[in-house]
Amino acid sequence: MKYIDKSEKFDLLDKYKDFHTLYEKPWDEFKNPDKTITHNYILRAQKYLCAYCQQKLKERDSTYSFGHLEHIIPRDESKELTFNYANLVVCCQGFDIEEYREKIKSDRVKRSEEFCAPKKGSELNHSLFLNPVTEELIEEYFDYEIVNSQNDPRSKECIIMADKKRAHQERNKAEYTINLLLLNHNILKTMRAKVYDEFAIQYSKAKDQNQFLELIFDESSNDLNEFFSMLKRKFSILKN
Ligand SMILES: [Zn+2]
């Protein structure tokens, strides 16, 4: 996970600020085009990464309907935050979206929501959950390890874990967050390892490796690499 800066104001949501007092289910009153405009605006601010697992997402349009608007503090818990910009992030729906899109092409359309936002549920332990909107140094809570897959020793997995250098209490927070969102689901571990491998190949082929890393880890870029925080953690140590 990576910090998401919400200091910018997003005026479109102002007209919805009283909806929670007017409607029983205020979120159901939020419709297009405003909903899609909000979704895409937030996704751009997240540099096209799912706020929790960091798989890549695209802007919603008539041909792409993946990703969903997620309330960090669940709606059931705090109705008044329903339209609060700082409480809204864009997340995936708990499956490998690119793989699913390939399956649609070949008519194998089964999908299930197995990790990330769909697993978070409506109960949140606020003292343990690492909120990407409020925790500026959130990336530093986590570390990653590449291991051989237990199911298939020929393939690799990338495990996310609490950074061992952090204090006990902070490791607890990282572990709670990883478990809550199932960030070590087999699908995610495999996806991360694949991105790691591809990146390692690109890095080894780069003419100027330092320049390559600088370019990829330029956080002012509008479009960040999938699993950005993992790559940054694993590769920035190579920078000199
Ligand atoms: Zn996700």
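In which kind of crossing, right-handed or left-handed, does helix 6 pass helix 8? The crossing is right-handed, and the two helices make a good starting point for a tour of this structure. What you see is a predicted model. Its protein chain contains eight helices and four strands, and the notes below go from the whole chain to the helix pair and then to single residues.

**The chain as a whole**

- Following the sequence from its start, you meet the elements of the protein chain in the order α-α-β-β-α-α-β-β-α-α-α-α.
- The C-alpha trace of the protein chain spans about 55 × 50 × 35 Å along its principal axes.
- The radius of gyration of the protein chain is 19 Å, which agrees with the value near 18 Å for a compact globule of 240 residues.
- Buried residues make up 27% of the 240 residues in the protein chain.
- Many contacts reach far along the sequence: of those in the protein chain between residues at least 6 apart, 67% join residues at least 24 apart.

**Helix 6 and helix 8**

- Helix 6 covers residues 186–205 and helix 8 covers residues 228–235; their axes come within 10 Å of each other and cross at roughly 50°.
- That angle makes helix 6 oblique to helix 8.
- On the helix 6 side, the contact is made by R192, Y196, F199 and Y203.
- On the helix 8 side, M230, L231, K234 and F235 make the contact.
- Sorted by type, the residues in this contact of helix 6 with helix 8 are six nonpolar, two charged and no polar.

**What is buried in helix 8**

- The buried residues of helix 8 are F228, S229, M230 and L231.
- Two of these, M230 and L231, also belong to the contact with helix 6.
- The cover over the buried residues of helix 8 includes helix 6, together with strand 3 (142–148) and strand 4 (156–162).

**A closer look at F199**

- F199 sits in helix 6, and it is one of the residues through which helix 6 touches helix 8.
- Setting aside neighbours within four places in sequence, the contacts of F199 are L231 and F235.
- F199 has 19 other C-beta atoms within 10 Å, so it is partly exposed; a residue needs 20 or more to be buried.
- F199 and C92 are 107 residues apart along the chain, and their C-alpha atoms are separated by 22 Å.

**Backbone features to look for**

- As background, most peptide bonds are trans, and most residues other than glycine have a negative phi.
- The peptide bond joining N32 and P33 is cis, with omega about 5°.
- You will find P33 in the loop between helix 1 (19–22) and helix 2 (34–45).
- Y48 is a residue other than glycine with a positive phi, near 65°.
- The loop between helix 2 and strand 1 (68–71) holds Y48, which counts as buried with 21 C-beta neighbours inside 10 Å.
- C116, also a residue other than glycine, has a positive phi near 65°.
- C116 belongs to the loop between helix 3 (97–105) and helix 4 (117–120), and its 26 C-beta neighbours inside 10 Å make it count as buried.

**Two more loop residues**

- S127 is in the loop between helix 4 and strand 3, where it counts as exposed because it has 9 C-beta neighbours inside 10 Å.
- S127 and K173 are 46 residues apart along the chain, while 7.9 Å separates their C-alpha atoms.
- E29 lies in the loop between helix 1 and helix 2, the loop that also holds P33.
- With 14 C-beta neighbours inside 10 Å, E29 counts as partly exposed.
- Apart from neighbours within four places in sequence, E29 is in contact with F19 and Y23.
- From E29 to E198 the C-alpha to C-alpha distance is 43 Å, and the two residues are 169 residues apart in sequence.

Definitions and conventions. Residues numbered from 1 in each chain as written. Predicted model: local features only at pLDDT ≥ 70, side-chain atom pairs only at ≥ 80, totals over all residues. Axes fitted to C-alpha atoms, helices over the stretch in contact; angles between N-to-C directions. Parallel < 35°, antiparallel > 145°, perpendicular 65-115°, else oblique. Left-handed = near helix turned anticlockwise from the far one by under 90°. Contact = placed C-beta atoms within 7 Å. Nonpolar A, V, L, I, M, F, W, Y, C, P; charged D, E, K, R; others polar. Buried ≥ 20, exposed ≤ 12 C-beta atoms within 10 Å, placed from the backbone. Rg over C-alpha atoms; globule rule 2.2 N^0.38 Å.
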